[in-house]
Amino acid sequence: MLNFALRRFLLAALVALTVSIVAFFLVRVSGDLATSLAGQEASAEDIEEIRKAYGLDRPIIVQYADWLGAAVQGDFGESLFFPDTVWELVSSRLPTTLRLAMSGLIISLLVGIPFGVIAALRPNSWIDRLAMTIAVAGQAIPTFWMGLMLMVLFSLMLGWTPISGDESWRHFILPAVTLGYYSTPPIMRLTRSGMLEVLSADYIRTAYAKGLRPMPVLFKHALRNAVIPVVALASVQFGHMLSGAIVIESVFAMQGIGYLAWESILRNDIAVIQTILLIVCMFYVFLTVLSDLVNAWLDPRIRVS
Amino acid sequence: MSALLDVQDLTVDIPVSDGELHPVRGISFSIERGETLCLVGESGCGKSLTSLAIMGLLPKRAQRTARVLRIGDLDISSASSREMAHIRGNSMAMIFQEPMTSLNPAYTIGNQLEEALIRHRRVSRAKAQERAVYLLEKVGITGAAGRLRQYPHQLSGGLRQRVMIAMALMCGPELIIADEPTTALDVTIQAQILLLLADLQREFHMGMLLITHDLGVVARVADRVAVMYAGQIVEQGTAAEVFERPLHPYTRGLMACIPIPGKTVRGGRLGSIPGLVPSLIGDMHGCAFRDRCAHATSACASYEAMRDQGDGRAYRCVMTPEETMAASMREQAA
Ligand SMILES: Nc1ncnc2c1ncn2[C@@H]1O[C@H](COP(=O)(O)OP(=O)(O)OP(=O)(O)O)[C@@H](O)[C@H]1O
Ligand code: SF4
Ligand SMILES: [Mg+2]
């Protein structure tokens with residue numbers, strides 16, 4: 001197990017390095033930074049001056065090494081528009097986004113897994129059909145539209161939830177439900193198909209042959225095996241939620257990194273964009289490792305060779 | 001003394017897309033304590049469904065009826081699902097054909113062995129563990145205590161089937177049902193496992209329903225034999241009698257590869273009989289074997305009755321014992 005974990009971490013570190021290279025170069029290939037930094041009215045001399053001031057005249061490899069060296073020490077540079085350093089800015093916004101994505105994921109797991117199980121136990125019943133219909137219908141509605149509709153209904157008409165902002169947990173309800181709604185269908189579908197497969201396995205018959213009652217068979221013998229693929233999916237969904245946060249945070253005016261990314265893209269605040277890109281990618285990498293470890297813990301065939 | 005297991009006129013019907021399938025059509029047999037009944041027959045003749053019907057583990061769509069279906073004091077045909085769950089793995093246990101997939105990959109051998117005992121006897125984990133080690137040693141597994149912490153994928157097929165046998169024995173069942181327990185295993189260990197099973201059956205004085213293709217083993221371990229064809233029992237009797245004087249042409253066809261009783265070849269398989277098994281869908285009349293039988297006459301199209309020869313010896317053929325023995329002579333001459 002330890003060996004397995006070490007190998008995974010090493011692999012993750014390599015992926016992280018690759019990601020940092022991509023994050024760095026992606027921002028640079030989108031156009032000449034000095035030109036866009038200088039603005040519309042700048043003269044050629046101004047541009048050259050800015051190029052020198054920001055060190056953009058040096059070879060790109062040197063620039064990257066410089067940036068990476070500073071980044072590993074926690075120095076991500078200065079924002080062009082905020083007085084804070086990029087790190088202060090991003091780290092103050094990150095908790096909101098993480099809380100939002102986490103709540104969204106928990107909602108989709110709490111809804112998706114039980115409904116997937118029920119659908120598998122009664123395939124083609126009305127509850128199975130209902131679950132699938134809601135799932136399909138949900139995928140067709142755009143996120144921002146869904147968010148706005150919920151806001152109109154629950155905040156404006158019923159007054160149950162605050163309209164926008166991120167001050168209390170009640171502000172998180174609608175955005176989290178909106179986010180969770182989109183990852184519920186895939187989790188539900190995978191739970192359903194995994195459960196259907198597991199329920200017809202020979203070891204389920206063995207469990208019944210031992211005299212176990214349906215509930216222990218379901219929870220101890222079936223579910224444990226059926227959720228293994230769901231873990232990997234959930235980690236991917238969490239990653240999607242970080243990017244989905246860009247839209248949701250704008251709709252609900254929440255000060256998370258999604259909203260910050262959007263603002264920064266409009267203002268061409270490269271140091272911020274680059275850092276957010278890097279951090280979101282790091283989360284993806286970390287989540288992949290985490291889901292591998294959870295899988296190994298759930299499935300002894302991975303853990304014990 | 002009444003038999004441990006009594007089955008009279010057991011039928012199983014399964015609705016399928018083009019009609020109703022009748023895979024088990026009025027089967028009757030009984031098993032005493034300490035007795036082994038071997039059920040033999042070609043693939044698809046309904047052996048597994050018969051055993052699942054007794055265990056109450058038939059697929060949901062399948063319909064079971066029986067005039068009598070009883071184990072010990074319990075009337076299985078009218079038992080609730082709670083009562084069935086209470087005797088399964090307890091007084092009646094089953095060993096399946098597929099050791100590779102019959103154990104849950106997510107739990108240790110120990111966990112899965114202890115489960116039945118904890119469920120039925122409410123003993124402590126330590127007590128259950130003790131019994132698991134004892135039984136693993138009984139089924140010939142070395143280093144039993146260490147095996148408890150292993151996972152199924154760490155064991156070979158043969159070991160897994162030994163674990164399955166130990167698992168079935170956890171609660172000290174009165175009846176053990178083994179459905180082709182060695183078919184999926186390496187040929188070299190098939191006989192080993194079957195003989196182990198027979199030894200344990202004798203030692204613990206259990207009744208055993210053994211479904212197998214291995215006629216060599218049948219000859220060595222069976223007290224009585226029931227030969228099944230197309231959902232019916234076509235011949236029944238003590239092993240010695242059935243091997244010595246098979247009365248049904250189908251039984252003789254099966255034994256064609258091991259002609260000399262007592263000198264059976266180890267691992268001898270069922271002989272292959274030319275022709276196809278009839279469809280089990282829809283109504284069936286007359287002798288089901290008549291399309292493949294060398295002695296078929298027009299009378300066979302309407303003959304179905306079992307000829308009772310006394311002492312549990314019976315067969316299902318239009319020919320009288322004298323006629324069928326004469327036919328047997330002609331078969332051998334041919
Ligand atoms: N769940 C099911 N649905 C429909 N038909 C089934 C089902 N299970 C079994 N059958 C059919 O019932 C018949 C008897 O099946 P069964 O499994 O009892 O045969 P068997 O004698 O055990 O054969 P084998 O030696 O191959 O194990 C077969 O024709 C099979 O196709
Ligand atoms: S009844 Fe007729 S067809 Fe059937 S086994 Fe006897 S002789 Fe053959
Ligand atoms: Mg079978």
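# Exercises on a predicted two-chain model

Chain A contains 14 helices and zero strands. The model is a predicted one, and the exercises below work through chain A, its interface with chain B, and several salt bridges.

## Exercise 1. The build of chain A

Describe the fold pattern of chain A, its extent, and the share of its residues that count as buried.

*Solution.* Begin with the order of elements: read along the sequence, chain A runs α-α-α-α-α-α-α-α-α-α-α-α-α-α, in keeping with its 14 helices and zero strands. Next, take the extent of the C-alpha trace, which spans about 85 × 55 × 30 Å along its principal axes. Then turn to burial, where 44% of the 305 residues of chain A count as buried. Finally, look at how the contacts are distributed along the sequence: among those in chain A between residues at least 6 apart, 74% join residues at least 24 apart.

## Exercise 2. The interface between chains A and B

Determine how many residues of each chain take part in the contact, how much area is buried, and which residues of chain A lose the most area to chain B.

*Solution.* First count the residues: 20 of chain A are in contact with 28 of chain B. The size of an interface is often given as the accessible area lost when the parts come together. For chain A and chain B the buried area is about 2,300 Å², and carbon and sulfur atoms give 54% of it. On the side of chain A, the residues that lose the most area to chain B are K210(A), R213(A) and K220(A), which together account for 27% of what that side buries.

Now consider the polar side of the interface. Across it there are 18 residue pairs in polar contact, both residues being at pLDDT 80 or more. The elements of chain A that give two or more residues to this side are α9 (202-209), α10 (214-226) and α14 (300-303), and the largest share, six residues, comes from α9(A). Sorted by character, the residues of chain A that touch chain B divide into seven nonpolar, five polar and eight charged.

## Exercise 3. Salt bridges across the interface

State how many salt bridges join chain A and chain B, and identify the residues that form a network.

*Solution.* The count between the two chains is two salt bridges. In one salt bridge, the side chains of K220(A) and E115(B) meet at 3.0 Å, N to O. The network of salt bridges links K210(A), K220(A) and E115(B). Both lysines of this network, K210(A) and K220(A), also appear among the residues of chain A that lose the most area to chain B.

## Exercise 4. Salt bridges within the chains

Over all chains the structure holds 21 salt bridges; for three pairs within a chain, compare the distances, the positions and the burial of the partners.

*Solution.* Take R192(A) and D128(A) first, whose side chains meet in a salt bridge of 2.9 Å, N to O. Because R192(A) lies in helix α8 (residues 170-199) and D128(A) in helix α6 (residues 126-140) of chain A, the pair ties together parts that are 64 residues apart in sequence. Both R192(A) and D128(A) are buried.

The second pair is R301(A) and D299(A), with the closest N and O atoms 3.2 Å apart. Here the partners fall into separate classes: R301(A) has 44% relative accessibility and therefore counts as partly exposed, whereas D299(A), at 9%, is buried.

The third pair is in chain B, where E241(B) forms a salt bridge with R313(B) and the closest N and O atoms are 3.5 Å apart. This pair links distant parts of the chain, with E241(B) in helix α9 (residues 239-244) and R313(B) in strand β13 (residues 313-315), 72 residues apart. E241(B) is partly exposed, with a relative accessible area of 37%, while R313(B) is buried at 4%.

## Exercise 5. S78(B) and two cysteines

Locate S78(B), explain why S78(B) is classed as exposed, and then classify C281(A) and C317(B).

*Solution.* S78(B) is found in chain B, in the loop between β6 (74-75) and α2 (81-87). The relative accessible area of S78(B) is 52%, so S78(B) is exposed, given that the class requires over 50%. The side chain of S78(B) is joined to that of D75(B) by a polar contact of 3.0 Å. The C-alpha atoms of S78(B) and G237(B), which are 159 residues apart along the chain, are separated by 29 Å.

For the cysteines, C281(A) counts as partly exposed because its relative accessibility is 24%, and C317(B) counts as buried because its relative accessibility is 8%. The structure holds zero disulfides over all chains.

Definitions and conventions
Residues numbered from 1 in each chain as written. Chains lettered and ligands numbered in written order. Predicted model: local features only at pLDDT ≥ 70, side-chain atom pairs only at ≥ 80, totals over all residues. Heavy atoms only, no water. Contact = heavy atoms within 4.5 Å. Buried area = accessible area lost by both parts, 1.4 Å probe. Salt bridge = Lys/Arg side-chain N within 4 Å of Asp/Glu carboxyl O. Polar contact = N/O pair within 3.5 Å; in protein donor to acceptor, adjacent residues only side chain to side chain. Helix = DSSP H or I, 4+ residues; strand = E, 2+ residues; numbered from the N terminus. Nonpolar A, V, L, I, M, F, W, Y, C, P; charged D, E, K, R; others polar. Disulfide = S-S within 2.5 Å. Buried < 20%, exposed > 50% of the residue type's maximum accessible area, 1.4 Å probe, protein only.
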